Amino acid sequence: MIPPERIRNFSIIAHIDHGKSTLADRILELTGAVSKREMRAQYLDSMDLERERGITIKATPVRLEYKAKDGQIYRMNLIDTPGHVDFSYEVSRSLACCEGAVLVVDVSQGVEAQTLAHANIAMELGLGLLPVLNKIDLKNADPERACREIEELLGLDTADHVRCSAKEGVGIQDVLESVIRLIPPPKGDRSVPLRALLFDSWFDDFRGVIVVVRVFEGHITPGKTILFMSNQKTYLVEEVGIFAPKPVKADRLDAGDVGYIIAGIREVRDTRVGDTVTEKERPASVPFPGFKALKPMVYAGLYPVDSNDYEDLRDAVEKLRLNDSSFTYEPENSVALGFGFRCGFLGLLHMDVVRERLEREFGLSAEGSLICTAPTPLFEVMKTDGEILRVDNPKKMPDESQIELVQEPIVLATIHVPTPYVGAVLQLCESVRGVQKELKYPTPDRAMVLYDLPLNEIMADFFDRLKSVSKGYASLDYEFKEFQEAEMVKVDMLLNGEPVDALSFIVHKRRAYDEGRDIAERLRKLIPRQQYEVAIQAAIGGKIIARENVKPFRKDVTAKLYGGDITRKMKVLKKQKEGKKRMKMVGRVEVPQEAFLALLRKGQA
Ligand code: GTP
């Protein structure tokens, strides 16, 4: 048995694309956990989607055995963490399971927004941080500059940093040796009551829920009854094991270990990330700090393009929910789009990931078979009668006369950008009602800008605009800060006086006019002429703020069929009728479903 002094629990943190997964792959190879033959790029990113998009969505732990230069065998538990802002709570819980983290910085890029965000979480948790400069093989590598940025922005000493090229497999051993030298071994008594931190869980069709934990105190063995402290649920442990990287059954998990528990649990929602697992007979007295029940921040309607897919979509969202407890849904229907679901997500990436997973993993035929309405953050509305509403859907916005005030979510955004683009980035942030909090230059050629930004503005096309004004060089990270009062209004789009529910949106008063006019114009181009004039209007309450007209036009498809036999005419009329099947009626106006789709797809990947 390996004594605790020879165990290291560590994680790799990095900004997207700085080489976290490549470094993990090299470590897996070097320690022989995965043979060259089994190795496929980004081994730990197991979801198809993760590998294709090159992002890590779930935390994956793996136990490695490493023979160090001192001749001893060390057990290294490497915990891969998700790399995106939507998942910062999961990142914080995975990091809480470690004694230290390897901070990977791409030497050609330097410190970016997520480097800072993750490093800050790690430092708040009191973790040891080992700076690793990756991609030293690149011609434009500038290790000195990267070190200066790490010292300046993170206040981290770089005297002990390691240089490596994960791609070429250079310096990987140095990384592991430094982990052993600089990251402390786990402490914790194996004989006291069990205290384990749950940092991931998923549903397996055969085994039920698999719970992944780091044991801090005590131990777990099959046959013991465990207790989840947040909801007081108890389960009999059937099996415990470790990931090497494939799951391997074990006799027990001890203080310092990372592994899985199978205990006949049916619902992922009962196993919350950040919860404390203890024993029923001998419960621990205090849970781990930092537990949060995750709440969605972004909402949108998901509808099948073809209404025949509705049942499949329902099955798919139910199944997905089994595996993703931060995703919520409830049935919804819309005049324009038919039956669908109102769904809640942690953020925009989570929304994209869910949409893609629904389309791929749950057999919802072709890509593009789902349509997503414009995402809305959660607003808090205080009514004149004192009632407080949480509005996650423009439909739920009360009438203007009943609103005392609306509060919108504000995020604190951190943007890292090369100096030549600072002006353009500041201008962009100001244009979306941003309030500057800080601007500093850690090195003469790079700036870090902090802004309070309304989440509603980020949802639109902020990322794209940020990338375009900085030629792709700016990186962004944000965290929820608070709700603030704002002059938000609901804009309805009307066709001959009838509101089109799927197109309503909530926007700041200042932008209502421009956005209403923009959608009205686009609708005019998309709605075919009808037998009577169609008025397209954008309205706030009873007040019309924009108007477009579609001129009347009677399309007589039989006009050119002079003479001939009546059956020919009938055939053509029948064809015209079939074409209308995909038309939706909004009041008396016929709108091709494609018009809604075209409007809603704008801005979607
Ligand atoms: P996320 O999973 O999204 O957080 O990204 P990541 O940090 O895991 O980055 P990943 O390992 O996927 O690497 C990103 C890109 O950088 C890939 O194209 C790698 O081939 C490349 N890369 C990684 N390490 C090196 C290196 O040492 N040198 C060079 N030249 N390229 C590297």
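The following legends describe several close-up views of a predicted model of one protein chain.

**Figure 1. Overview of the chain and its secondary structure.** The chain of this predicted model contains 13 helices and 34 strands. Of its 605 residues, 55% count as buried. Among the contacts in the chain with a separation of 6 or more, 68% are accounted for by residues that lie 24 or more positions apart.

**Figure 2. An aromatic cluster that includes residues of helix α7 and strand β19.** The count of aromatic pairs comes to 11. One of them is formed by Y310 and F339, whose ring centres are 6.0 Å apart and whose planes make an angle of 55 degrees, so that the pair is classed as tilted, the class for angles that are neither under 30 nor over 60 degrees. This pair links distant parts of the chain, since Y310 belongs to helix α7 (residues 310–323) and F339 to strand β19 (residues 338–345), with their positions 29 residues apart in sequence. The two partners also differ in their surroundings: Y310 counts as buried because its relative accessibility is 17%, whereas F339, at 55%, counts as exposed. A second pair, Y329 with F341, is edge-to-face, with 5.7 Å from centre to centre and 85 degrees between the planes. Because Y329 lies in strand β18 (residues 328–334) and F341 in strand β19, this pair ties together parts that are 12 residues apart in sequence. Here Y329 is partly exposed at 27% relative accessibility, while F341 is buried at 1%. Y310, F327, Y329, F339, F341 and F345 together form one aromatic cluster.

**Figure 3. Two arginine residues placed over phenylalanine rings.** R195 lies over the face of F288, at a distance of 4.3 Å from the ring centre. In another such arrangement, the charged end of R214 sits over the ring of F216, 4.0 Å from the centre of that ring.

**Figure 4. The surroundings of C98, a buried residue in a loop.** C98 is found in the loop between helix α3 (88–96) and strand β4 (100–106), and its relative accessibility of 5% is the reason why C98 counts as buried. When neighbours within four places in sequence are left aside, C98 is in contact with N9, F10, S11, I79, L127 and R214. The C-alpha atoms of C98 and P184 are separated by 9.6 Å, although these two residues are 86 residues apart along the chain.

**Figure 5. An open antiparallel sheet of 8 strands.** The strands of this open sheet follow the order β11-β10-β16-β7-β8-β15-β12-β13, and their pairing is antiparallel. At the edges stand β11 (234–236) and β13 (247–250), and because each of these has a single partner strand, one side of each is left without a neighbour in the sheet. On average, neighbouring strands of the sheet are turned by 40 degrees against each other, if direction is ignored. Within the sheet, strand β8 (residues 208–217) and strand β15 (residues 258–262) pair in the antiparallel sense over 5 bridges, and the bridge partner of V213 in β15 is G259.

**Figure 6. Strand β30, its partner β28 and the loop residue S504.** Strand β30 (residues 505–508) is covered on both faces, with F505 and V507 buried on one side and I506 and H508 buried on the other. Strand β28 (residues 488–495) runs antiparallel to β30 and is joined to it by 4 bridges, and V489 stands opposite V507 of β30. S504 is located in the loop between β29 (498–499) and β30, and because its relative accessibility is 13%, S504 counts as buried. The side chain of S504 makes a polar contact of 2.8 Å with the side chain of D492. Not counting residues up to four places away in sequence, S504 touches P394, V491 and D492.

**Figure 7. Two loop residues with positive phi angles.** D17, which is found in the loop between β1 (7–14) and α1 (20–30), has a phi near 75 degrees, a positive value in a residue other than glycine. D17 is exposed, with a relative accessible area of 58%. N496, in the loop between β28 and β29, likewise has a positive phi, of about 45 degrees, although N496 is not a glycine. At 34% relative accessibility, N496 counts as partly exposed.

Note on methods
Residues numbered from 1 in each chain as written. Predicted model: local features only at pLDDT ≥ 70, side-chain atom pairs only at ≥ 80, totals over all residues. Heavy atoms only, no water. Phe/Tyr/Trp six-rings, centres within 6.5 Å; stacked < 30°, edge-to-face > 60°. Buried < 20%, exposed > 50% of the residue type's maximum accessible area, 1.4 Å probe, protein only. Lys NZ or Arg CZ within 6 Å of the ring centre and 35° of its normal. Pairing = 2+ DSSP bridges. Polar contact = N/O pair within 3.5 Å; in protein donor to acceptor, adjacent residues only side chain to side chain. Contact = heavy atoms within 4.5 Å. Axes fitted to C-alpha atoms, helices over the stretch in contact; angles between N-to-C directions.
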